[in-house]
Each structure stands twice: as C-alpha cells, then as structure tokens.
Amino acid sequence: MTQLPNSLRSGPDARGHFGQFGGRYVAETLMPLILDLERHYRAAQQDNAFKAEFDDLLKNYVGRPSPLWFAERLTEHLRASASEGFGAKIYLKREDLNHTGAHKINNCIGQILLAKRMGKTKIIAETGAGQHGVATATVAALFGLPCTIFMGAVDVARQQPNVFRMKLLGAEVVAVESGAKTLKDAMNEALRHWVANVHDTFYIIGTVAGPHPYPELVRDFQSVIGDEARAQILEAEGRLPDMLIAPVGGGSNAIGLFHPFLDDEGVEIVGVEAAGEGLDGKHAASLAGGRPGILHGNKTYLLQDEDGQITEAHSISAGLDYPGIGPEHSWLHEIGRVRYEPVTDDEALASFQKLTKLEGIIPALESAHAIAAAERIAPTMGKDKIIIVNCSGRGDKDIFTVADALGVAL
Amino acid sequence: MTRFAATFAKPRPALVAFITAGDGDTAANLDALVAGGADVIELGMPFTDPMADGPAIQAANLRSLAKGTTTADIFDIASAFRQRHPDTPLVLMGYANPMTIRGPEWFAAECAKAGVDGVICVDIPSEEDAELGPALRAAGVDLIRLATPTTDAARLPDVLNGAGGFLYYVSVAGITGQQQAAQASIDEAVARLKAATDLPVAVGFGVRTPEQAAQIARVADGVVVGSAFIDIIAEHGDAAAPHVEAFTRTLADAIHSAKEIAA
C-alpha cells in the first residue's frame, strides 16, 4: 500500500485504524482468518491479473462506466426559486444503472474474486433491504458458488420481491429471528455462521464496516465510482466539481465517490445521514445522534445508550437502517473533511417523487436522501458551481414502501 | 496468593460456571453455584448484540436487558457476591462496547472495587489489547484471553502476552452452546497450550453434561459450562436456584473426581 505523506487517502494504518476508528474487534476464532484475508488482499493489489479481471467484469458484466448525467430540469427547477444568480448545476452519478440496480455489485465482484483467490467454496452475506443480498447472490450465481444470505425476519417480510430474487439466483435466504430482526441482527447471525465455518466460507460484507481489512477493501472496490466521476466531470466541464453529495448508511457508495476527491481541497464533500422521523425521534443518524463505540468488528460512531447497549435505528430507507457507520466516515467527520447532514424520511420521500417527475429517474430511497440535501444546498450556491450527487441505486425496490407512505394501495 | 491461584492450586480440576447477570434471580443462582461446588464464577454482562453466542445465551441477554439490567446493576451483583463469597474467583464476561464505553480505566476501577478477579472480553483480540488490557492490569484485574482451534503456534505467544488468571480454550470454532469438540482434539490442544504457558487451561463451548465435563477434566485444569445453566434458568425463571444447585453438584462431582478416576 502506498503511504503518501499529507494525503487523506493513505489510511488506514497497518493495524486498520483511521485515527481512533476502525480496527479488528473480533473473536479470537476469526482473527487468524482476518489476517489471512489481509495477506491475500495485499497480494491481489499487486497482481495485475486480479485488477484486469475486476475491470473486465465491471465493464462487461456490471455495465460500467455508469453515466454522469446533468440533471438539467432539476437544476432549473431549483434555480426558479433561488435568488438571482444562484442555483448550482447538479450532476447525477448513475449507479442506479448498474446491473442489479445499485452500487453494491461493484464490491461483490471484488470480494468474490478474493474468495476465489483464497480457495473458499461457500459465500455468505448479510442484507437489510435485500440489495446487497441480491448483488451477492448474483455474483455467487455467476461464479457457481453456493450462497447463504442472512436477513432479519422483519426485512424478509417487507422485502418479499428481493427475497424471491435471491432465491431465483440460487441463494438460500435465512430469516434471522434474533434481536429486532433487521440488518444489525442479520450481521450478528452472519458472523455467528462465519465463526463456525471459517475453513471454507467467505463473508462478503456489504458496506465499508466490519473488521479491517473490510472497510479498506470495500472502499477500494467502490472507488471506481469516484474515479469515473472525476474523469467524467473533467471531460464535461473541464474542471473538478465544487461539491459531492452522497447518502450514508454504512457508507460504501459515499466513500466510493468521495475517496478519489479527498485530497482536492476545493471540493466540498457532504454525506447525508438518515434522520428518520427527525433527530429528536427515531432515526439512523449515527454521527449526529451517536458516539464512538465498538460493534461488528470496528470502532465507529454508534447509536447507543449510556451503558453501550446498541439502540435500534429507523429510516424509511431499509438500506440506511443501521445503528452504525463505516469507520472511515467517523474519521472524516472528526477531522472535518466531510460534512454530514441529516435528511428526514419526509424530505427523502418528497425528493423521491420530485426526481422521478423532473428527470424520469426513480431513485432508491437511499439516493433520495442525497437528492434532498442537494435541493437544500444547491440554491445557496452560485449558478457557476457544480454538484455531483451519487444516485446510488434505483428505486424500483422501494415503490411498495413509497406507496404505503403515501397512503396508496397497490 | 490471588483467588485464581488458590483455586487452581487445588489438586483437582475446577468447574467454571457461567450465568448471565440479570437473567432470573442472579444472586440466588450465584449462591446455588457456589453451594453446588462451582470453583470459578463467570458472570455474563448482557449485550444487545452477543454475536459470539448461540441461541440460549442470546435469549438470556435479551431477557436480562428487557428487565432493565444496567452496568451499575451488574457491579452491584458482583459486589454483593464478593461480600457473601470472599474466596470464590469472579469473572465478568462480555463484549467490548459495554466494557469500554465509559473508558477502560472506569471499567477497571469498578471491577477492582467490586472484587472482580478477571475479565473476558469476547471481541477484543490481542491486536486491540490497548482498548482494555493496560487499564485492567494496572488495576490488578486479570485479563483472561481466549485461545481457539484457529489460534496457530505463530499467534499463540501474542494471545498469551498480557494474559492472566487462566487461559480459556474455546474448544470449537463456533458459538456458545452448540456442538461439542471431539475429545481427541481437546486433549491435543490442551497439551499444546500447557506447553506454551504456566497459566491454568480451562476448556469450554458446547459442554453440557457431567460425562463430557469429566472427559475434559482428565486433561484440563478447568471446565467451563454455560448454556446448560442458562437453559435451566430459562425453564425455571426466578425459582431456578435449587435446580441450578443440583445440576452444579453433578457437574462438580464429575469434574472434581475426574483425575482420580483417570489415575
């Protein structure tokens, strides 16, 4: 790994820490496996054949590069109510156009290549809304490996289309009955399964969390988003953007967009946390409403009580419904390089509909949080300014949730 | 001499008994464990996300938390136990977040004040020792480390560095209360561990019957039993103590006499 001095892109350190965050807080049984994964990842990073296979799959299977779309009607709509000369130009990074409909597949491709490299013969993953589960089941089908997806029983009930998709793809879906039966509990159960099957099983973690080296390698696989966006905006505008905006649950799409721009001082970076019913009520904004703690293998900001018991998150977006956040985000928050702003369920719901009507793009509810932040911020910036918003996924999966929230019976 | 040293100096293997704090009538169950012949007590600190535990202990964690058990309650239980049982080693076992959330120094000081002899933290491996180990050692509280079937010879010295009390051998790669390891693999592992450390070696995970416990006790310095007690408490609720004591006695008798029978 290249350790550039004075770069915000050189982390984590050798022990997997981003400042005080990150690390390897796992049971001893898993520790040798985590170290083995790191050794294999380091070797893969040096291997041109690994990179070539990853790039080929992203191009020909995922459909990359994803377009950078100038959202002209959204831009004009916001300018109409802004002061004279205000209203930044909004571009959307179209991760929703990837195979399986979101950024998740980028990471799954990278990790299954690692699994193959390590000689692992079984794949497991956790999922909340089912997007990461579908992406994992997809790559497992492509590589012919048996796959088990752990999903909270509550999520299984409310995400039936994705459950069926995973089954069609050949995955076994385990409904997790412990705890609150959502994403956090699915991750606990995946870890329990992994610890009992370390000899042949590879755990494809879906976000930039978990024990080192997961936050690093997931980030690296997702950085294709920012690398592409950087080249695309230079081609379209001849300069870097003034701002990046992305939604943050665990934060893999966000870090993927942000990371290639971290050292560009002129680029302001905004992460959007799910504020649910508002920060005074039930929400999933770990940075705004949590404090540092240890869960699922890493130290990071967590929603928790004074005794360190983890509290339940809430967001209308199942993909943001997690009481933690990736450790690199906690660090970027603490050093002030990235500003994190909350967006509520209602704001996201309004932006979901607005983008659909103005641009003909149905965004995932996760992505709608970032759109809502852009709607808030763009009118305060001059017309000559440029914002790139990560449209991290498509919203087809969310139409039932949205219909329910709008009181529409399907 | 520490309570651990005194306990493991006895010429018989020890029964290490685990129950979850705040699940059932904990004070009565602790007394029952001691009365039944348990040599070391592990008191589980409930956590919302017990990812190394099987269904029995998961459920115990949730039952305890649902009753509103706090960290302060757990130290009250520990202090009261120490008053009633001055000689029985007491270990707190749990997860990193509740142990470190107020800072490791706070936790270590509370342990020392309550008369806790040792701490087992499931998700702080030796790589992250700085999170808790130095504070515990400075407060005179032993950090009990876990070795597992995946802990290889290259790694074992790191695991032992800074370890105290006894070494807990997790005999299966898995979660608590599930399958039991093959006895041959336990014999081999205990021999390997004892060659590497002077610490007593206690073996746990999946041990549910006096017969299993006796088999392990032939080679180990201690046998850890947890989920089997939790099942009794789950079944009998606040009236579990007599059942706990009776089961403890059958385990303790089997373990304490294992080496005599073997000889």
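The following exchange goes through a predicted model, from the domains of chain A to the annotated residues and overall form of chain B.

In this predicted model, local features need pLDDT of at least 70 and side-chain atom pairs count only at pLDDT 80 or more, while totals for chains, interfaces and linings use all residues. Residues are numbered from 1 along each chain as its sequence is written, and chains are lettered from A and ligands numbered from 1 in the order in which they are written.

Biologist: Which element of chain A gives the most to the side of domain 1 that touches domain 2?

Modeller: The domain assignment, which is automatic or from a database, gives chain A a domain 1 (17-60 + 103-219) and a domain 2 (64-101 + 223-405). Counting two residues as in contact if their C-beta atoms, placed from the backbone, lie within 7 Å, 39 residues of domain 1 of chain A meet 40 residues of domain 2 of chain A. With helices (H or I, at least four residues) and strands (E, at least two) taken as DSSP runs numbered from the N terminus, the element that gives the most to this side of domain 1 of chain A, with 5 residues, is strand 2 of chain A.

Biologist: Where does the largest nonpolar core lie with respect to the two domains of chain A?

Modeller: A nonpolar core is a set of buried Ala, Val, Leu, Ile, Met, Phe, Trp, Tyr and Cys residues joined through C-beta atoms within 7 Å, and the largest one has 222 residues, with Ile245(A) and Val119(B) among those with the most contacts inside it. Its largest share, 8 residues, comes from helix 15 (residues 365-377) of chain A. Because domain 1 and domain 2 of chain A both give residues to this core, it lies between them.

Biologist: Which element of chain A gives the most to the side that touches chain B?

Modeller: In this interface 28 residues of chain A are in contact with 32 residues of chain B. Strand 2, helix 1 (31-45), helix 8 and strand 11 (291-295) of chain A each supply at least two residues of the side that touches chain B. The one that gives the most, with 6 residues, is helix 8 of chain A.

Biologist: Is Glu42(B), which UniProt lists under "active site", buried or exposed?

Modeller: The UniProt entry is unreviewed and places this feature at Glu42(B) and Asp53(B), and such annotations may be inferred rather than shown by experiment. Glu42(B) is found in strand 2 (residues 40-44) of chain B, and its contacts beyond four places in sequence include Phe18(B), Met93(B) and Val224(B). A residue is buried if 20 or more other C-beta atoms, placed from the backbone, lie within 10 Å of its own, exposed if 12 or fewer, and partly exposed in between. Since Glu42(B) has 27 other C-beta atoms within 10 Å, it is buried.

Biologist: Which residues does Asp53(B) contact, leaving aside its neighbours within four places in sequence?

Modeller: Asp53(B) is found in the loop between strand 2 and helix 3 (55-66) of chain B. Asp53(B) is buried, because 27 other C-beta atoms lie within 10 Å. Apart from neighbours within four places in sequence, its contacts are Gln58(B), Ile175(B) and Thr176(B).

Biologist: What is the radius of gyration of chain B?

Modeller: Chain B has 13 helices and 9 strands, and its C-alpha trace spans about 45 × 40 × 35 Å along the principal axes. For 263 residues the globule rule (2.2 Å times the number of residues to the power 0.38) gives 18 Å, and chain B is close to that, so it is as compact as a globular protein of that length. Taken over C-alpha atoms, the radius of gyration of chain B is 17 Å.
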